[in-house]
Amino acid sequence: MSRRSSPRMSHWPKGGAGLVALAGATVLVLSACSSSGTSSSSGGATSPSSASTAGVGSTTSGSIVWSASPLSGTGANDARTVLINAFEKQYPGIHVTLVSASTDTDTNRATLATQIAGGAGPDVFMGDVIWPAQFGAHQLALPLSQYLPSSYFAKFAPGLAAGATYKGAVYGSPLFEDQGFLYYRKDLLTKDNLPVPTTWEQLETDAKAVLAKGQSKYGFVWQGDSYEGLTCNFMEYLTDAGGTATNSGYTSATLNSAAALKAVTFMRSLITSGVTPAAVTTFQEPQAMNTFAGGNAVFLRNWDYAYEDAITASDGGKLTASQVGVEPLPTFAGQTAPGYSNIGGWNMYINPHSAHLGADLTFLQWLSSATAQDILSQKYGFISTVTSVRSSPATIAANPVFAVVPMTKLVPRPAGTPEYPALSTAIYQNVNGALAGSASPAAAVAAMESAANTALSSTSSGGL
């Protein structure tokens with residue numbers, strides 16, 4: 001899900017679209033010296049076990065094609081090129097050819113779907129975290145859990161493998177991750193002797209206190225427009241309130257609930273109390289980011305790039321490192337802190353038609369090794385998906401945001417159904433209506449459930 005319009009596609013909630021210049025390089029836009037479960041002592045990936053990969057072909061030789069959108073860096077410093085070179089150094093018998101995919105998520109998805117459905121396309125491809133059900137339902141991605149042991153997926157941060165699962169099979173191998181964070185004006189809270197809030201109620205109280213002294217124009221800004229980003233925000237409040245969007249089988253919605261009503265009611269109260277501007281109903285990542293980075297808000301909910309943007313003048317930031325703090329998101333009073341952060345980011349998938357499955361699996365596993373994850377994390381600033389890497393001292397010391405990552409709790413969007421695009425639309429359109437005051441919270445959650453059930457019962461498009 002990624003930077004400002006956003007610099008990296010990972011920061012966009014649904015992968016996103018749009019490019020900006022970051023440190024002189026064009027990067028994709030809604031986000032450590034330790035070993036992982038499949039790493040060898042040198043930090044690389046071991047070859048797939050013969051028990052789980054019988055008949056897949058050579059795991060140490062072959063030529064494969066990798067489709068990946070631009071991440072960060074250019075030329076020899078292109079993150080994808082750096083990863084390929086490091087992989088081929090460890091596996092000289094496997095050659096990887098890079099195909100640069102579109103920076104627009106929907107265009108990328110449509111192109112891959114057309115190619116793979118026709119029996120062509122790349123051997124392996126980078127794709128959004130919300131694609132597993134859509135691609136799995138249409139046989140456009142290989143069920144990786146048929147070839148890799150459960151121990152492989154256990155090394156990823158809790159929630160990531162679950163988010164890559166469709167009908168009990170894992171289709172995506174988490175490559176890098178993004179999630180929601182709470183950014184705050186450290187200087188203002190210190191000046192007013194206010195605690196960093198660990199509950200949503202305390203955040204509202206703190207914001208009111210700062211606003212009452214005329215120290216900030218706004219209290220709390222976030223993504224409230226009628227689009228995918230609002231689904232991400234809503235899922236955090238919903239999960240904090242103890243709710244879910246669907247039943248476990250994704251066959252019916254569970255949105256007309258006390259938890260959903262609590263979530264929407266609180267989100268609306270942020271506006272009616274004056275803590276959040278009414279214009280938040282039109283805010284996506286750039287608007288919320290620019291408001292906070294310009295020194296006009298006490299609190300911000302955004303993705304991992306927001307800290308650097310807030311303190312980097314070339315990105316529009318007008319704050320300093322001493323003014324900006326970052327913590328896990330709050331939860332509701334009475335719940336165990338922290339709150340839940342919605343998962344964004346990108347997975348690796350394998351084309352079912354690939355003739356080089358053994359080499360594909362070796363490359364895919366290597367991308368989750370400590371060597372590859374260190375490159376993505378420490379060199380390019382992406383959040384590692386591997387628990388041992390994201391909690392290592394070297395990673396934690398690299399970035400204030402990385403220091404918070406091990407403390408967070410993750411929740412995926414309800415993307416375990418191929419009808420997720422329509423389900424998400426049902427959520428964000430109705431929540432946005434409640435935020436704008438065109439429907440009461442109670443009416444909004446009832447309408448949301450009805451529209452969500454219609455989406456879940458559809459068999460027209462299968463999400464594509």
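Here are legends for four close-up views of this predicted model.

**View 1. The largest cavity and its lining.**
Let's start inside the protein, at the largest cavity, which has a volume of about 150 Å³. Its lining is made up of 19 residues. To find the middle of the cavity, look for Val129, Gly163, Ala164, Ile343 and Pro412, the lining residues that lie nearest its centre. Three elements each give two or more residues to this lining: helix 5 (160-163), strand 8 (173-179) and strand 13 (340-350). What classes of residue does the lining of the largest cavity have? Sorted by class, there are 11 nonpolar residues, six polar ones and two charged ones.

**View 2. An open sheet of four strands.**
Next comes an open sheet formed by four strands, and following them across gives the order 10-11-9-12. The pairing in this sheet is mixed. Which strands are at the edges? They are strand 10 (218-221) and strand 12 (324-327), each of which pairs on one side only. On average, neighbouring strands of the sheet are turned by 15° against each other, with direction ignored. Now take a closer look at strand 9 (residues 181-185) beside strand 12: these two pair in the antiparallel sense, over four bridges. A handy place to find this pair is arginine 185, which stands opposite valine 324 in strand 12.

**View 3. Serine 69 and its polar contacts.**
This view brings us to a loop, the one between strand 3 (62-68) and helix 1 (79-90), where serine 69 is found. Is serine 69 buried or exposed? Serine 69 counts as buried because its relative accessibility is 0%, and the cut-off for buried is under 20%. Two partners of its side chain can be picked out here. One is serine 102, whose backbone oxygen the side chain of serine 69 reaches at 2.6 Å. The other is asparagine 108: its side chain and that of serine 69 are joined by a polar contact of 3.4 Å.

**View 4. Alanine 141 and tyrosine 171.**
Our last stop is another loop, between helix 3 (132-137) and helix 4 (150-154), which holds alanine 141. Alanine 141 has a relative accessible area of 4%, so this residue is buried. How many residues apart in sequence are alanine 141 and tyrosine 171? The two are 30 residues apart along the chain, while in space they are 6.6 Å apart, from C-alpha to C-alpha.

Notes
Residues are numbered from 1 along each chain as its sequence is written. This is a predicted model: local features need pLDDT of at least 70, side-chain atom pairs count only at pLDDT 80 or more; totals for chains, interfaces and linings use all residues. Side-chain values use heavy atoms; hydrogens and water are left out. On a 1 Å grid over the protein atoms alone, a cavity is a set of points where a 1.4 Å probe fits but cannot get out, and a pocket is an open set with protein on both sides within 12 Å along at least five of seven lines; lining residues have an atom within 4 Å of a point. Grid points are joined across faces, edges and corners, and a volume is the space filled by probe spheres set on the points. Ala, Val, Leu, Ile, Met, Phe, Trp, Tyr, Cys and Pro count as nonpolar, Asp, Glu, Lys and Arg as charged, and the others, Gly among them, as polar. Two strands pair if DSSP finds at least two bridges between them. Axes are lines fitted to C-alpha atoms, for helices over the stretch in contact, and angles run from 0 to 180 degrees between N-to-C directions. Buried means under 20% relative accessible area, exposed over 50%, partly exposed in between (1.4 Å probe, protein chains only). A polar contact is a pair of N or O atoms within 3.5 Å; within protein, one must be able to donate a hydrogen and the other to accept it, and residues adjacent in sequence count only if both atoms are side-chain atoms.
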